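Student: I should like to understand how the terms used for a structure follow from its values. Could we take them one at a time?

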Amino acid sequence: MTTLVVLTVVVIAALIAGLAFYLFWVGSLLGRIATNLEACEDSVRQINADAALIGPGVEHINRSGGTVAGALPLLYGFAEKIVVKASPNVERPKVAVPASGRRRSRLHEAVGFAPVD
C-alpha cells in the first residue's frame, strides 16, 4: 500500500513539474510577442501620421477623378464623331472591332454558353 501512495505522489509531482515547465514556456513566448508588439507600435504611429498628411491629397484626387469620369462619355462621343469624319469608310460599325477579329473565350464552352454573333 505504501508503494502505491509513493507512486501516486511521484506522478502528481511529475504532473506539476510538467505544468510548471509548460507555463514557463508559454510565458516566454508571450514575453517575446509583447516585445514585438511594442516595436510595431512605433511603426503604426508613424504610418498613421503619414496617412494623416496624405488624406487631403487623396480627397482632391478622388474629386478630380470623379470629374474626369463624368466627362468620359462626352469625350467618347466627340472622339466617335471625329473618327467618323476622318474615316474613308462611310459605313462604320457601331462598336469598333479589332483587326485581329473578336476574341473568343473558351470559358463560354466550358459552362455551356453559346454567344450569338
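Tutor: Certainly. The model is a predicted one, and the structure holds one salt bridge.

Student: What makes the contact between glutamate 41 and arginine 45 a salt bridge?

Tutor: The distance from N to O between the two side chains is 2.7 Å. A salt bridge requires a side-chain nitrogen of Lys or Arg within 4 Å of a carboxyl oxygen of Asp or Glu. The pair of glutamate 41 and arginine 45 therefore qualifies. In general, side chains of opposite charge can pair when their charged atoms come close.

Student: Where do glutamate 41 and arginine 45 stand relative to each other along the chain?

Tutor: Both belong to helix α1, which covers residues 2–86, and they are four residues apart, a separation of about one helical turn.

Student: Why is arginine 45 called exposed, and what is glutamate 41 called?

Tutor: Arginine 45 has 53% relative accessibility, and the term exposed applies over 50%. Glutamate 41 has a relative accessible area of 37%; partly exposed lies between the limits of 20% and 50%, so glutamate 41 is partly exposed.

Student: Which aromatic rings pair, and why is their pair called tilted?

Tutor: The structure holds one aromatic pair. Its members are tyrosine 22 and tryptophan 25, with ring centres 6.2 Å apart and planes at 45°. Centres must lie within 6.5 Å for rings to pair, and planes under 30 degrees apart would be stacked, over 60 edge-to-face. An angle of 45° falls in neither class, so the pair is tilted. Tyrosine 22 and tryptophan 25 are three residues apart in helix α1, about one turn of the helix. Tyrosine 22, at 45% relative accessibility, is partly exposed, as is tryptophan 25 at 43%.

Student: How do you know that residues 6–25 are helical, and what does the record call them?

Tutor: The span is 100% helix and 0% strand, and its end C-alpha atoms lie 29 Å apart. An unreviewed UniProt entry annotates residues 6–25 as "transmembrane region".

Student: What makes leucine 72 eligible for a nonpolar patch on the surface?

Tutor: Leucine 72 has a relative accessible area of 47%, and patch residues need over 30%. Leucine 72, placed in helix α1, forms the patch with Val68, Leu74, Leu75 and Phe78, and together they have about 490 Å² of accessible area.

Student: How many residues of the chain are buried?

Tutor: Buried residues make up 0% of the 117 residues. The chain exposes about 10,900 Å², with 70% supplied by carbon and sulfur atoms.

Methods
Residues are numbered from 1 along each chain as its sequence is written. This is a predicted model: local features need pLDDT of at least 70, side-chain atom pairs count only at pLDDT 80 or more; totals for chains, interfaces and linings use all residues. Side-chain values use heavy atoms; hydrogens and water are left out. Buried means under 20% relative accessible area, exposed over 50%, partly exposed in between (1.4 Å probe, protein chains only). Accessible areas come from the Shrake-Rupley method with a 1.4 Å probe; for residues, only the protein chains shown count as cover. Helices (H or I, at least four residues) and strands (E, at least two) are DSSP runs, numbered from the N terminus. UniProt positions are given in the numbering used here, feature names are shortened, and annotations may be inferred rather than shown by experiment. Rings of Phe, Tyr and Trp (its six-membered ring) pair if their centres lie within 6.5 Å; planes under 30 degrees apart count as stacked, over 60 as edge-to-face and the rest as tilted. Patches are made of residues with over 30% relative accessible area and no salt bridge: like charges are joined within 9 Å, nonpolar side chains (Val, Leu, Ile, Met, Phe, Trp, Tyr) within 5 Å.
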